[in-house]
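Trainee: Got a minute to go through this one with me? I'd like to start with the strands.

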Amino acid sequence: MAKHIPTGPIIAVLMVIGAGAWLYTGNSDEVAAETPEETPAERSLVPKVQATVLNESSVRRTLELNGVTQPARTVSVTSEATGRVIEVLKSKGDRVAANEVIARLDPQDLEARLRQARAYQEQTRLEYEGAQRLRNEGLQNRAQAAAALTQYEQARAELESLERSLANTAIRAPFAGVMDSSAIEIGTYVRPGDAIAELYDFSELKVIGNVPEADVGPLRLGQQASVTLLTGETMNGTIDYIGAVANPATRTFEVEIVVEDSPKQVAGATATAVVQLDQLPAHYISPALLNINEAGKLGVKTLAADDTVQFSELTIVRSDTGGVWVSGIPDQARLIVVGQGFVNIGEQVDPVMVGKEDNLAAGL
C-alpha cells in the first residue's frame, strides 16, 4: 500500500518562496527606478593641460626706427665770380679739405687792376697824411682835410673789392668732405650763383626717421641706439634731435640719430635703428601661446589657484627670433603651454606641471 505524501506543507513552502521572490524583484525595480542615469558631462574626464611656472626677469625695452642715412651737412658749391674755368683740381668722389681749391677761373685783368689800385691807395694815403699835418699847423682848413680822407677811403675800398674778386676766381670747399658731383669742365663759363659741385660732410652720419606719437614719449636726447644698414653693417649712435611738432598727415615725430666715426659714407641708404629704453620686469614666452580674447585683447591663458582657466592680458615689450618678452603676467604665474586651444576661460582643468626644458612645443 503506497504511502500518502502530504501536499499541504509542500504547497505552503512553495507559496512562501514565490512571495519572497516577488518581494525581492519588486524592491530591485524600485531601487533601479530611484537611481538616475549618469549625464554625459559626469561620465567625461576633466581636461588635462600642461603648464609651467613663469619666473619674472628684467629686460630692456627697445624701440625700432626705420629711416634713411644723411651726412652731417651738405652744400651745393656755387661760383661767386664770372669767368671761364681754366683749372679743375677736384673731381667727383674726391675728398677735399676745408678751404681747399676745387677749381680756378680766368682772372682776366684783375691782377693789373690790383696793381693800379694798390698804387692809388698809397698815393691817397700820403695825401691824407700830408693834409693832416697841414691841418694841425693851421695851414689847411677842415674841409680840405676831410676831402683827402674821403679819397683815401675810396681807394682802400676799391682795393679790397678787387682783392675779393680775385680771391673768388679760386673756388674753394667751405668745409671738409666728399665731392659727390661736379658740374664744370675746363672751358665752362660760369656766373655768380652757378653750381660747381655737391659737397657732403661725412664727419657724422645721421639716420633720419619718424616715430609714432604713441612711442615718442620714452625717447630722450643722448639715448643709445644701434644702427644697422641694409647691407648688414652695424654702428652705434645716439639720439641728437627729437621733433617738437608732429607731422599732421602721419602723426609722427622726426627723430635724428647721429653716428660718429662711421665707417660707411652713404647718404640716402635704408637703415634700421634700435633705441635702448628703460628696463622692465617681463616674461619670455613663445608667440604660439598668445591669444586674442572676445574683447580683442592680447594675452595668454593661465591657471587660477583652483585650477580654472583665466585670461591674463599682456603687453609685448620686445621680440626676437626665439620668442617675445611680455609684461602684465604676474610673477610665478602658471602658464598653460599645451592644450590651451582646447580649454575655455573659467573651465576646470587637471594641470600637469612641466619645466621649460620639457616643453619643446611651446618654444620655451
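Mentor: Fine. Start with strand 10 (residues 224–229), which pairs with strand 13 in the antiparallel sense over 5 bridges. Bear in mind that this is a predicted model.

Trainee: Which residue in strand 13 is the bridge partner of T228?

Mentor: T272 is the bridge partner of T228.

Trainee: What else pairs with strand 13?

Mentor: Strand 2 (residues 57–78) runs antiparallel to strand 13, and 11 bridges join them. One point to look at there is L63, whose bridge partner in strand 13 is V275. Strand 18 also pairs with strand 13, again in the antiparallel sense, over 3 bridges. There, I285 has V324 in strand 18 as its bridge partner.

Trainee: And what holds strands of a sheet together in general?

Mentor: Backbone hydrogen bonds, with the strands either parallel or antiparallel.

Trainee: Which aromatic pair links strand 13 and strand 18?

Mentor: Y284 and W325 form a tilted aromatic pair, 4.9 Å centre to centre with 45° between the planes. Y284 is in strand 13 (residues 270–285) and W325 is in strand 18 (residues 324–327), so the definition of strands as DSSP runs puts the two rings on separate elements. The two residues are 41 apart in the chain.

Trainee: Are those two buried or exposed?

Mentor: W325 is buried, with a relative accessible area of 17%. Y284 is partly exposed at 25%. The cut-off for buried is under 20%, so W325 falls inside the class and Y284 does not.

Trainee: How many aromatic pairs does the whole structure have?

Mentor: A search finds 3. One of them is Y128 with Y152, a stacked pair at 6.0 Å centre to centre and 5° between the planes. This pair also links distant parts of the chain, with Y128 in helix 3 (residues 110–136) and Y152 in helix 4 (residues 142–168), 24 residues apart.

Trainee: How buried is Y152?

Mentor: Its relative accessible area is 14%, so Y152 counts as buried. Other buried residues of helix 4 include A145, A148, A155, L159 and L162. The buried residues of helix 4 pack against helix 3.

Trainee: What is the span of helix 4, and what should it be?

Mentor: The end C-alpha atoms are 39 Å apart. With 27 residues at 1.5 Å a residue, the expected span is 39 Å, so the two agree.

Trainee: What is going on at the start of helix 4?

Mentor: A side-chain oxygen of N141 comes within 3.3 Å of the backbone nitrogen of A143.

Trainee: Back to sheets. What is the strand order in the open sheet of 4 strands?

Mentor: The order is 6-5-3-8, with antiparallel pairing. Strand 6 (170–172) and strand 8 (189–190) are the edges: each has a single partner strand, so one side of each has no neighbour in the sheet.

Trainee: How many bridges join strand 3 and strand 8?

Mentor: Strand 3 (residues 83–88) and strand 8 pair over 2 bridges, in the antiparallel sense. G83 stands opposite V190 in strand 8.

Trainee: New topic. Where does the charged end of R73 sit?

Mentor: Over the ring of F175, 4.2 Å from its centre.

Trainee: And T302, what does that residue touch?

Mentor: Leaving aside residues up to four places away in sequence, T302 touches T308, V309, Q310, S312, R334, L335 and I336. With S312 there is a polar contact between side chains, at 2.9 Å. T302 lies in strand 15 (residues 298–303) and is buried, at 1% relative accessibility.

Trainee: Which residues other than glycine have a positive phi?

Mentor: Q108 and R251 are among them, each with phi near 55°. Q108 is in the loop between strand 5 (101–105) and helix 3, and R251 is in the loop between strand 11 (234–242) and strand 12 (252–260). Q108 is exposed, with a relative accessible area of 55%, whereas R251 is partly exposed at 41%.

Trainee: Why bother flagging a positive phi?

Mentor: Because most residues other than glycine have a negative phi.

Trainee: Last one: what are the overall counts?

Mentor: The protein has 4 helices and 20 strands. Of its 364 residues, 32% count as buried. Among contacts between residues at least 6 apart in sequence, 73% join residues at least 24 apart.

How values were computed
Residues are numbered from 1 along each chain as its sequence is written. This is a predicted model: local features need pLDDT of at least 70, side-chain atom pairs count only at pLDDT 80 or more; totals for chains, interfaces and linings use all residues. Side-chain values use heavy atoms; hydrogens and water are left out. Rings of Phe, Tyr and Trp (its six-membered ring) pair if their centres lie within 6.5 Å; planes under 30 degrees apart count as stacked, over 60 as edge-to-face and the rest as tilted. Buried means under 20% relative accessible area, exposed over 50%, partly exposed in between (1.4 Å probe, protein chains only). A charge sits over a ring if NZ of Lys or CZ of Arg is within 6 Å of the ring centre and within 35 degrees of the ring normal. Two strands pair if DSSP finds at least two bridges between them. A polar contact is a pair of N or O atoms within 3.5 Å; within protein, one must be able to donate a hydrogen and the other to accept it, and residues adjacent in sequence count only if both atoms are side-chain atoms. Contact means heavy atoms within 4.5 Å. The expected span of a helix is 1.5 Å times one less than its number of residues.
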